[in-house]
Amino acid sequence: DATPSCATPILSFADSAKTGGAGPVPDGWAGDALSAASYVEGPALFKHGGFWYALASYGDLAKDYTIRVCRNAANAPNEGAFTDKEGLPCLIYDAARGRYGCSMLLGSEGVQAVPGHPHVWREADGRFFLGYDFRDSRDGVQGDMDYFGIRALHWVDGWPTIWTPMTATFAAADD
């Protein structure tokens with residue numbers, strides 16, 4: 001067993017049972033449709049609204065890093081299972097869905113490629129922010145220098161999102 005006795009695993013993207021995967025992980029599993037398998041690093045934990053949230057970098061830094069999030073409702077982060085928005089455990093491979101539980105928070109977009117190594121903080125005025133690193137992909141080519149990005153975090157149905165919630169109202173004519 002590669003897990004130290006003092007550690008409590010809470011996230012996984014292992015590519016097989018031999019490398020620590022739980023559940024029916026097919027040997028050689030190569031990840032989900034958004035990120036390669038085997039890498040979960042740069043984790044962050046924070047508590048908000050009665051939940052512990054675990055964020056981490058998933059995938060391959062050279063091509064498809066993403067930031068994912070799971071949560072649990074325990075009193076401490078090492079108590080109880082972390083699950084994603086669909087209720088999938090973040091440590092156990094789900095054969096029906098072909099992936100582990102892990103909800104997307106941020107992927108590559110615009111000139112920001114391979115976001116990773118998340119950090120979350122709350123300002124005195126109650127606003128939340130996500131800090132992360134990324135690589136510049138201007139001209140369609142990913143560079144090898146890391147930059148630091150900051151995004152406002154918002155809350156929708158108890159989950160963090162980088163997208164600003166909006167409400168649209170309209171009046172429809174009776175005719």
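**Strands, cores and cysteines**

User: Strand 9 and strand 10 form a hairpin with two residues between them; which residue in the turn has a positive phi, and of about what value?

Analyst: This is a predicted model, in which local features need pLDDT of at least 70, side-chain atom pairs count only at pLDDT 80 or more, and totals for chains, interfaces and linings use all residues. Residues are numbered from 1 along each chain as its sequence is written, and side-chain values use heavy atoms, with hydrogens and water left out. Strands (E, at least two residues) and helices (H or I, at least four residues) are DSSP runs, numbered from the N terminus. In the turn between strand 9 and strand 10, the residue with a positive phi is D157, at about 55°.

User: In which sense do strand 9 and strand 10 pair, and over how many bridges?

Analyst: Two strands pair if DSSP finds at least two bridges between them. One example of a bridge here links V156 to its partner W159 in strand 10. Strand 9 and strand 10 (residues 159–161) pair in the antiparallel sense, over three bridges.

User: Which strand pairs with strand 8 over eight bridges?

Analyst: Strand 8 covers residues 128–136, and its pairing over eight bridges is antiparallel. Within this pairing, L130 has R151 as its bridge partner. The strand in question covers residues 146–156 and is strand 9.

User: Over how many bridges do strand 7 and strand 8 pair?

Analyst: Strand 7 and strand 8 form a hairpin with five residues between them, and G126 in the turn has a positive phi of about 95°. A113 stands opposite R135 in strand 8. The antiparallel bridges between strand 7 and strand 8 number seven.

User: Which strands stand at the edges, each with a single partner strand?

Analyst: The open sheet has four strands in the order 7-8-9-10, with antiparallel pairing. Each edge strand has a single partner, so one side of it is left without a neighbour in the sheet. These edge strands are strand 7 (112–122) and strand 10.

User: By what angle are neighbouring strands of this sheet turned against each other on average?

Analyst: Axes are lines fitted to C-alpha atoms (for helices over the stretch in contact), and angles run from 0 to 180 degrees between N-to-C directions. For this sheet, with direction ignored, the average is 35°.

User: What is the order of strands in the open sheet whose edge strands are strand 1 and strand 6?

Analyst: Strand 1 (40–48) and strand 6 (103–106) each pair on one side only. Strand 2 and strand 3 (residues 66–72) run antiparallel and are joined by seven bridges, and A56 has R68 in strand 3 as its bridge partner. The four strands of this open sheet have the order 1-2-3-6.

User: Which strand gives the largest share of the largest nonpolar core?

Analyst: A nonpolar core is a set of buried Ala, Val, Leu, Ile, Met, Phe, Trp, Tyr and Cys residues joined through side-chain atoms within 4.5 Å. Buried means under 20% relative accessible area (exposed over 50%, partly exposed in between; 1.4 Å probe, protein chains only). Of the 17 residues in this core, those touching the most other members are L11, F13, W29, Y58, C70, F82 and Y100. The largest share, four residues, comes from residues 51–58, which are strand 2.

User: With which residue does the side chain of H154 make a polar contact?

Analyst: H154 lies in strand 9, and beyond its neighbours within four places in sequence it is in contact (heavy atoms within 4.5 Å) with residues including W159, P160 and T164. A polar contact is a pair of N or O atoms within 3.5 Å; within protein, one must be able to donate a hydrogen and the other to accept it, and residues adjacent in sequence count only if both atoms are side-chain atoms. At 3.4 Å, the side-chain partner of H154 is T164.

User: Which residue does a disulfide join to C70?

Analyst: A disulfide is a pair of cysteine sulfur atoms within 2.5 Å, and a search of the whole structure finds one. The S to S distance is 2.0 Å, and the link is left-handed, with -100° about the S-S bond. C70 is in strand 3, and its partner is 20 residues away in the loop between strand 3 and strand 4 (93–94). That partner is C90.

User: Why does the sulfur of C102 form no bond with the closest cysteine sulfur, in C70, and how far away is it?

Analyst: C102 counts as buried because its relative accessibility is 5%. Its sulfur is too far from the one in C70 for a bond, the distance being 6.1 Å.
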